[in-house]
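Here is the note you asked for, set out as numbered points. It keeps to charged pairs first and then turns to a part of the surface.

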Amino acid sequence: MKKFDIRNIRVRKVNIDEIDDRMLLINLYATQALTLIIGIIWILFQRQNLLQVMAIPKQLEFLVWGVGLAAAVIVVDLLISRWVPEEAADDGGVNDRIFRTRPIWHIALISFVVAVCEELLFRGAIQHAIGPYWTSIVFAAIHVRYLRHWIPTGLVFSISYGLGWIYIQSGTLWAPIVAHFVIDFVMGMIIRFRREP
């Protein structure tokens, strides 16, 4: 039997076009599972009650916060995409590859999984520890595919800060989860049904 040698592991930058669809989805869901696990562990180490953090409020006011922020973000994003050259907002084609050929139910599933996992970690755990400003810096930094251009980096930072703000205002994690879901779902649908010029 061949012995595993950690020194033989090679890391290299991979272009999105080199990854097949199956591997792209495995990568997406694996990173979200890792995000969820880290978020849960961090929340438990903070001695927060996970069930209380994830409790769905009886009042539906959180929907107004979530959908309101999502609508504002989508309008700003569409305005930016109308007047800013495409290369200045390029994410390397990742979003296009994720959403372009997916059925609607899968776009909704991806959007929901990403919203729950990322908001649990960033708003539920990290923001609890370091506040919305520094959380937004971390959030923007982990979205490395946007860091090549200042416009998408600034937009991701602003969206994250907005998610943190509505979390504070609404008092529930479900407001930023709803906002994150709606943003990702609508933008995914735009990518899915966009007509090429």
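1. R123 and E119 sit four residues apart in helix α5, so about one helical turn separates them. In this predicted model, their side chains meet in a salt bridge, with 2.7 Å from N to O. Both partners, R123 and E119, are buried, a class that here requires under 20% relative accessible area.

2. A further set of charged residues deserves to be read together, since salt bridges with shared partners join D96, R100 and R194 into one network. One of its links is the salt bridge between D96 and R100, in which the closest N and O atoms are 3.3 Å apart. D96 also meets R194, side chain to side chain, in a salt bridge of 3.1 Å from N to O. D96 lies in helix α4, which covers residues 94–99, whereas R194 belongs to the segment after α7 (174–193), so this pair ties together parts that are 98 residues apart in sequence.

3. How buried or exposed are the two ends of that link, D96 and R194? D96 has a relative accessibility of 29% and therefore counts as partly exposed, and R194, at 40%, is also classed as partly exposed. Both values should be read against the limits used here, because partly exposed covers what lies between buried, under 20%, and exposed, over 50%. For the model as a whole, the count of salt bridges comes to four.

4. Turning to the surface, I would draw your attention to a nonpolar patch formed by I130, Y133, W134, I137, V138, I142, Y161 and W165, which together have about 760 Å² of accessible area. The elements that contribute two or more residues to this patch are α5, spanning 104–142, and α6, spanning 150–170. Of these, α5 provides the largest share of the patch, namely six residues.

5. V138 may serve as an example of a patch member, as it is one of the residues listed for the nonpolar surface patch and lies in helix α5. Its relative accessible area is 32%, and V138 is therefore partly exposed. That value can be set beside the cut-off for patch membership, because a residue needs over 30% relative accessible area to be included. Helix α5 thus appears twice in this note, with the buried pair R123 and E119 and with six residues of the nonpolar patch.

Notes
Residues are numbered from 1 along each chain as its sequence is written. This is a predicted model: local features need pLDDT of at least 70, side-chain atom pairs count only at pLDDT 80 or more; totals for chains, interfaces and linings use all residues. Side-chain values use heavy atoms; hydrogens and water are left out. Patches are made of residues with over 30% relative accessible area and no salt bridge: like charges are joined within 9 Å, nonpolar side chains (Val, Leu, Ile, Met, Phe, Trp, Tyr) within 5 Å. Accessible areas come from the Shrake-Rupley method with a 1.4 Å probe; for residues, only the protein chains shown count as cover. Buried means under 20% relative accessible area, exposed over 50%, partly exposed in between (1.4 Å probe, protein chains only).
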